[in-house]
Amino acid sequence: MNRSSFLKLYATSSFLTLHLLLTFTASTVVSAEEIREETDRAARPNVLFIAVDDLNDWIGCLQGHPQAYTPNIDRLADRGTLFTTAHCQGPICGPSRASLLSGLYPHSTGVYQQPRGKGLAEDEQHFRGKLLPEYFSKQGYHTMGVGKITHGYPEKLAFNEYGGWKDGFGPKPKQGKRFNYELPDAPYSGTQTDWGAFPEKDEQMPDFRSASWAIEKLNQDYEKPFFLAVGMVRPHVPFYVPEKWFERFPLDEIILPKVREEDQNDIPEIGVKIHEMPAFPNLGWLQQEDDVQFKKCVQAYLACITFMDHQVGRVLKALQESPYADNTIVVLFSDHGYHLGEKNRVSKHSLWEESTRVPLIISLPEQEFAQTTSLPVGLIDLYPTLLELCNLPPNESNEGVSLVPLIQGKPVPDWRIGILTTYAKGNHSIRTEDIRLIRYEDGSFEFYDHRFDPEEFENLAGPAQFDRRAMEINYDIAQALSKLMPKDEAPYHPATSPAPVNAWFKEHLKANGIE
């Protein structure tokens, strides 16, 4: 079924096309050598690749939370293309980054869960020498990275020059001190989840140092075009940033996200089991004592986002003041989303909207106004998109689709119907502009219509999900979307970590040979 046929089945809103204006200026009196150099720069622009960790749609331009304050990211969106239906291919760090950097879906590589050891670097079929920055390097780019970009693949292999990632997700209080959330006595893998004002100064934060390193690189001269990747850790847990970033969000003014206490009552049994997170905060705990921890958690997440946005702003300001302002493509994205109480959880690890939806902005040189598209796209599309924008040969192994037609405002009647996300082998979600379909390994599924239910409170599959009469037209739509899910899935990658997050994963990984 193509997109046109699907739209006849499901009356969705049409895509509003906005045309993109690009202007390239040159000096009226230049030498032949200068003309060649200018042509080369225009043909092979630089790339500033900003990867944010665990950022959901709580940014101003996506209106995910009414108190979100992200002026720098919003300014970037004001001169770029904002993809409002962008989704990751894996709702946790390792699978998502392995997918977007290799240009391959999790079901093709077998990286469904977090990788460990050197397994990805030893995999010459999918990863070694084939990641996005490595491809750019082979095409003559000078590649640089700082902070968290890869996950389970050595950054020193991925880049010509790597600036490090000091303190990881820290800094953290000494002797394992926590401010608000203590780990429960759970038999599964733990979490760094906690929130509070710490440390004292921005300069102590990894993101500050990463931004400073990137600024230094933007002030240097290069004989080649460059690919500069900057990994921002916040708002990854723990939600720690200096006190001044909390001040914008007084605790007594915090607006909590919409939640439903019994939100999992209408989902299949496997949907409950696969999404359990025993070591992580749950909604009941957050809501005790008049939502005190709920408010503190949301406050800290908002503070972390604003701190991160400021560091992004420092890098973007340095780019604008550099000689590279007129020939650098800027890409900003998050590796996956995050739940803040929704669906009874504070975590990622899910096939629901809060985990899969991500911010994605692409800004071209000289672009002077905002453009928005609601067509479904994925992080897997970044690889082919950047190759086309930089006039590099396509990588035939890429499984994503170039976003250049959308950036150029061209009509795309045959664009994909929906974008795929996978969480554990055999469990998938398809997100169209208006529908989410989740199908589990046992054949059960969930069905949400975002036109009327943006919070995904009502599973329209319901208890009678295999009854065509009960689902009416939704049954036909679900069957059509199911055909977009992979028929063949690779076995789990040898690098897969055996650490389970819950009882379902313990049995699932064991059944798939991961122990």
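Trainee: What volume does the largest pocket have?

Mentor: The model examined here is predicted, and the figure for its largest pocket is a computed one. For that pocket, the volume comes to about 580 Å³.

Trainee: Which residues lie nearest the centre of the largest pocket?

Mentor: The lining of this pocket is made up of 23 residues, which by class divide into eight nonpolar, seven polar and eight charged. Within that lining, the residues that lie nearest the centre are Asp-57, Gly-64, Arg-357, Pro-454 and Glu-455.

Trainee: Over which residues is the pLDDT below 50?

Mentor: Across the protein the pLDDT averages 91, and 90% of the residues score at least 70. One stretch nevertheless falls below 50, although in the model it has 33 contacts beyond near neighbours in sequence. That stretch covers residues 11-33.

Trainee: Which strands are the edge strands of the open sheet of four strands?

Mentor: The sheet has the order S13-S14-S15-S16, and its pairing is antiparallel, while the twist from one strand to the next averages 15°. An edge strand here is one that pairs on one side only, and this applies to strand S13, residues 419-422, and to strand S16, residues 445-449. The edge strands are therefore, by the pairing rule of at least two bridges between strands, S13 and S16.

Trainee: Which residue in S14 is the bridge partner of Leu-420?

Mentor: Strand S14 spans residues 428-431 and runs antiparallel to S13, with four bridges joining the two. Among the residues bridged in this way is Leu-420, whose partner in S14 is Ile-430.

Methods:
Residues are numbered from 1 along each chain as its sequence is written. This is a predicted model: local features need pLDDT of at least 70, side-chain atom pairs count only at pLDDT 80 or more; totals for chains, interfaces and linings use all residues. Side-chain values use heavy atoms; hydrogens and water are left out. pLDDT is the predictor's confidence in each residue, from 0 to 100. Contact means heavy atoms within 4.5 Å. On a 1 Å grid over the protein atoms alone, a cavity is a set of points where a 1.4 Å probe fits but cannot get out, and a pocket is an open set with protein on both sides within 12 Å along at least five of seven lines; lining residues have an atom within 4 Å of a point. Grid points are joined across faces, edges and corners, and a volume is the space filled by probe spheres set on the points. Ala, Val, Leu, Ile, Met, Phe, Trp, Tyr, Cys and Pro count as nonpolar, Asp, Glu, Lys and Arg as charged, and the others, Gly among them, as polar. Axes are lines fitted to C-alpha atoms, for helices over the stretch in contact, and angles run from 0 to 180 degrees between N-to-C directions.
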